[in-house]
Amino acid sequence: MDVRKFSIPEIIFGRGGLRYAGLCARRLGAEKVFLVSDPGVEKAGWVERLMSVLAGEKLNWVYFCNVVSNPRDYQVEAGADLYKLQGADVVIALGGGSPMDAAKGIALLASNGGLITDYEGANRIHRPLPPMLFIPTTAGSGSDVSQFCIITDMKRRVKMSIISRTLVPNISIIDPLILETKTENLIIASAVDALCHAIESYISKIASPFTESQSLKAIDLIVKNLKPAVENRSLENLEQLSIASTAAGMAFSNASLGMAHALAHSLGGIFDTLHGMVHPVLLPSVMRYNYRSCPEKTAVIGRILLGGRRRSEKSTAMAGIVRLEEFLHSFNVSVRLRDIVQNREMLPVLSRIAENDVCLLTNPRPVTWEDFLNVCREAW
Ligand SMILES: [Fe+2]
């Protein structure tokens, strides 16, 4: 095996863990926290709750919630200006993937300067970031444990991947109680995103024993717990989804992703699609495309999805993909690309953008823009 690295934050996991946020921020040297969240999380009461925890530690804070789904370059720049103007010292993000990625972008620009587009790609950050404490409110994005930050360049309509070890937060506080206030749609979209992280990281060209075990655990937990979590809202199942999302986050942060995420970023940049809702459309077609470069691993995934093996490795792999399709369809989400794109003439444009996505570097099978186009047609 080539040299591999495995980087994760300090993780504090458990029901009610939010109450440790003030202590943790103090431990990171905070006096004046820059708190990033969004209006949805605020409405659910979690921002107020966190503020009372910070007040309990006699911390000051600056609150920034000008963040939308698929966070924009100009929002990150405005946040960094405010951070510097206010002389904040620690970044806390409370939210799903969007506020967390925006918070990373703000921390990056506040400490390294320039424009967010300067950092697109892998390993372009050269100066340390302020300490970051993240509290995820969804079980999916994995941004609280990952080296990834995804920001939309509005001029090009491209979701840029910024990847660097310095983007791993110092501390992640994962409190499954927060999931109880999430809508059914958000629980599904987040869990399906985590499932895609788990599958793509497992078959990644740079997967390692440290990431593979996390990927497989995540697949198993999501398949077993998503349905009951949606139907019963049982805290037990939601907690298992949190564990799955964290495991998948640790895996993809270190093994990266692949073709499905390259296309998901392309779709999100142009159509502003909710990220998790893209995967039910693309993932089965992408797995069929990749099969020839990772037949054994596709069969291992198949065994988890099917709960056992079939006659041969190939039939296990293929039946597993069919089972994955059935699983995704069972949640009443869009499963055809035409529901998202509408205009078929956009497919070559999407494919050309996806071809340049950094996630493609670790896809097990080489991909040209024509291959993307074929996968899009299959998913149409
Ligand atoms: Fe994702």
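Student: Let's start with two helices that meet. Is the crossing of H9 and H14 left-handed or right-handed?

Tutor: The crossing of H9 and H14 is right-handed. Keep in mind that this is a predicted model.

Student: And how do I read the rest of that packing?

Tutor: The general idea first: for a packed pair of helices, you quote the angle between the axes and the distance between them. Here, H9 covers residues 259-271 and H14 covers residues 347-355; their axes come within 8 Å and cross at roughly 120 degrees. With that angle, H9 counts as oblique to H14.

Student: Which residues make the contact between H9 and H14?

Tutor: On H9, look for Ala262, Leu263, Ser266, Leu267, Gly269 and Ile270; H14 brings Leu350, Ile353 and Ala354. Sorted by class, the contact of H9 with H14 has 7 nonpolar and 2 polar residues, and no charged ones.

Student: Now another pair. At what angle do H6 and H10 pack?

Tutor: Helix H6 (residues 184-202) and helix H10 (residues 279-290) pack at about 20 degrees, and their axes are 10 Å apart. An angle under 35 degrees counts as roughly parallel, so H6 is roughly parallel to H10. The crossing of H6 and H10 is left-handed.

Student: Who does the touching on H6 and on H10?

Tutor: H6 offers Val192, Asp193, Cys196 and Ile199, while H10 offers His279, Pro280 and Leu283. By class, the contact of H6 with H10 has 5 nonpolar, 1 polar and 1 charged residues.

Student: On to the sheets. What should I look for?

Tutor: Backbone hydrogen bonds hold the pairing of strands in a sheet, and the pairing is either parallel or antiparallel. In this model, one open sheet has 6 strands in the order S1-S9-S6-S4-S2-S3, with parallel pairing. Strand S1 (10-13) and strand S3 (60-64) are its edges, each pairing on one side only. On average, neighbouring strands of this sheet are turned by 20 degrees against each other, direction ignored.

Student: How many bridges join S4 to S6?

Tutor: There are 5 bridges between S4 (residues 90-95) and S6 (residues 132-136), and the two strands run parallel. To find your place, click on Ala93, which stands opposite Phe134 in S6.

Student: Which strands does H3 touch?

Tutor: Helix H3 (residues 46-56) packs on the sheet and touches S2 (32-36), S3 and S4; its direction makes about 145 degrees with that of S4. Helix H4 (residues 73-86) lies across S2 and S3, at about 160 degrees to S3.

Student: What is the strand order in the open sheet of 3 strands?

Tutor: That order is S5-S8-S7, with mixed pairing. S5 and S7 are the edge strands, each pairing on one side only. S7 and S8 pair in the antiparallel sense over 6 bridges, and Thr152 has Lys159 in S8 as its bridge partner.

Student: Last topic, domains. What does the domain assignment give?

Tutor: The assignment gives domain 1 (10-178) and domain 2 (183-379). Their C-alpha centres lie 25 Å apart, and 26 residues of domain 1 are in contact with 32 residues of domain 2.

Student: Which elements give two or more residues to the side of domain 1 that touches domain 2?

Tutor: Those elements are S5 (121-122), S7 (148-153) and S8 (158-163). S8 gives the most to that side, with 4 residues. By class, the side of domain 1 that touches domain 2 has 11 nonpolar, 13 polar and 2 charged residues.

How values were computed: Residues are numbered from 1 along each chain as its sequence is written. This is a predicted model: local features need pLDDT of at least 70, side-chain atom pairs count only at pLDDT 80 or more; totals for chains, interfaces and linings use all residues. Domain bounds come from an automatic or database domain assignment. Two residues are in contact if their C-beta atoms, placed from the backbone, lie within 7 Å. Ala, Val, Leu, Ile, Met, Phe, Trp, Tyr, Cys and Pro count as nonpolar, Asp, Glu, Lys and Arg as charged, and the others, Gly among them, as polar. Two strands pair if DSSP finds at least two bridges between them. Axes are lines fitted to C-alpha atoms, for helices over the stretch in contact, and angles run from 0 to 180 degrees between N-to-C directions. Angles under 35 degrees count as roughly parallel, over 145 as roughly antiparallel, 65 to 115 as roughly perpendicular and the rest as oblique. A crossing is left-handed if the near helix is turned anticlockwise from the far one by less than a right angle, and right-handed if clockwise.
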